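Q: I have a model open on my screen and would like to learn how to read it. Could you take me through it feature by feature?

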Amino acid sequence: MPLPKPRLVGALLTVHDETEVRRKERELKVKSAMIQEIHHRVKNNLQVIASLLRMQGRRSESEEVRRALHDSVGRILSVAVVHEFFSQQEARVINIKDVSQRIVSHTRQGILQPDKRIRLTLSGPSIYLPAQQATTCALIINELLQNAVEHGYERKPGGTISVNLRDDGDKVVIAVVDDGQGLPDDFSLEQADSLGLQIVQTLVQDDLKGRFELREGDGVSAIVTFPKQTLGGEGAWSERE
Ligand SMILES: Nc1ncnc2c1ncn2[C@@H]1O[C@H](COP(=O)(O)OP(=O)(O)O)[C@@H](O)[C@H]1O
Ligand SMILES: [Mg+2]
């Protein structure tokens with residue numbers, strides 16, 4: 001008996017739909033490119049503001065105004081550095097060692113007394129922090145370096161200022177150490193109401209929830225200690241070199 005002709009009665013088709021996954025991936029890529037672009041624009045705008053203030057400063061006859069504008073330019077550029085790094089990489093944390101290196105270079109270029117032989121160095125491991133903490137650190141490092149350069153060597157021909165980073169696991173320590181002339185005799189951190197140290201104290205206490213101290217030894221050591229901030233459960237992480 002001839003076998004009946006095979007007849008197709010149906011087919012089972014399994015389709016694994018990847019379009020949704022792909023769409024989400026694409027969306028994420030677009031979003032992170034947009035965030036990088038925004039960081040880039042913020043950095044550019046901050047640099048424009050800094051150069052407008054620098055031009056204004058050059059035109060001023062008053063030493064006080066020139067200094068105030070010079071200090072403001074430094075502060076704005078130190079914030080711009082953080083945006084620059086975030087514009088170059090797709091990450092939620094940045095290395096404050098790289099940020100510090102950039103601020104050290106800016107400070108070196110901005111030294112107002114070129115006849116002084118002031119050496120600036122940076123040491124310590126890479127430490128990765130989220131944007132807010134990194135920006136705060138950038139402002140603090142700039143302020144402390146500026147103070148060491150401006151006030152440490154008025155009566156000395158020069159010396160060495162070092163920025164030292166330390167990673168204690170859950171804590172970060174930033175020290176700006178100079179071998180200059182030391183603090184004025186009547187100095188008291190509690191009573192200091194000048195803008196620079198006010199900014200540092202406010203940022204350390206309110207933003208970083210940390211501690212700030214000025215120690216005298218062979219010059220001044222400005223030391224900031226603060227707990228690492230956790231970032232949506234991921235936590236800031238660090239890597240030793
Ligand atoms: N590294 C340092 N070496 C010597 N003196 C310092 C140092 N850092 C701060 N000071 C003293 O602390 C004062 C206050 O600093 P700050 O608040 O930044 O104000 P400013 O720098 O505008 O004078 C300085 O005028 C200076 O006398
Ligand atoms: Mg100052």
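A: Gladly. Let us begin with a term: buried means under 20% relative accessible area, exposed means over 50%, and partly exposed lies in between, using a 1.4 Å probe and protein chains only. Helices (H or I, at least four residues) and strands (E, at least two) are DSSP runs, numbered from the N terminus. This is a predicted model, in which local features need pLDDT of at least 70, side-chain atom pairs count only at pLDDT 80 or more, and totals for chains, interfaces and linings use all residues. Residues are numbered from 1 along each chain as its sequence is written, chains are lettered from A and ligands numbered from 1 in the order in which they are written, and side-chain values use heavy atoms, with hydrogens and water left out.

Q: Which residues of α5 are buried?

A: In α5 they are G196, L197, V200, Q201, L203 and V204. Looking down the axis of α5, these buried residues fall within an arc of 165°, so they line one face of the helix. The arc is that of the directions from the helix axis to the C-beta atoms.

Q: What do the buried residues of α5 pack against?

A: Contact means heavy atoms within 4.5 Å. The buried residues of α5 pack against α2 (63–88), α4 (131–151), β6 (211–217) and β7 (219–227). Take Q201, a residue of helix α5: it counts as buried because its relative accessibility is 16%. Leaving aside neighbours within four places in sequence, Q201 is in contact with L189, A192 and F212.

Q: How do I check the length of a helix?

A: The expected span of a helix is 1.5 Å times one less than its number of residues. For the 13 residues of α5 (residues 195–207) that gives 18 Å, and the end C-alpha atoms are 17 Å apart, which agrees. Helix α4 has 21 residues and reaches 30 Å from its first C-alpha to its last, close to the 30 Å expected. Just after α5, K209 takes a positive phi of about 55°.

Q: Is α4 mostly covered or exposed?

A: It is mostly covered, with 17 of its 21 residues buried. Following α4, G152 is found in the loop between α4 and β4, and G152 is buried at a relative accessible area of 5%. Not counting residues up to four places away in sequence, G152 touches N147, G180 and Q181.

Q: How should I read the sheet, and what is the order of its strands?

A: Strands of a sheet pair through backbone hydrogen bonds, either parallel or antiparallel. Two strands count as paired if DSSP finds at least two bridges between them. Here 5 strands form an open sheet in the order β2-β4-β5-β7-β6, with mixed pairing. The edge strands are β2 (117–123) and β6, each pairing on one side only. From one strand to the next, the twist averages 10°. For such angles, axes are lines fitted to C-alpha atoms, for helices over the stretch in contact, and angles run from 0 to 180 degrees between N-to-C directions.

Q: How many bridges join β4 to β5?

A: There are 7, joining β4 (residues 158–167) to β5 (residues 171–178), and the two run antiparallel. In this pairing, I161 stands opposite D178 in β5. Strand β5 is also joined to β7 by 7 bridges, again antiparallel, and V176 stands opposite A222 in β7.

Q: And what do β6 and β7 form?

A: They form a hairpin with 1 residue between them, pairing in the antiparallel sense over 7 bridges. In this hairpin R211 stands opposite T225 in β7.

Q: How many residues of β7 are buried?

A: The count is 8 of 9, so β7 is largely enclosed by the rest of the structure. One residue in β7 is S221, which is buried with a relative accessible area of 19%. Among the residues that S221 touches, beyond those up to four places away in sequence, are V176, V177 and E213.

Q: Which strands does α4 lie across?

A: Helix α4 lies across β2, β4, β5, β6 and β7, running at about 170° to β7. Helix α5 packs on the sheet too, touching β6 and β7, and its direction makes about 135° with that of β6.
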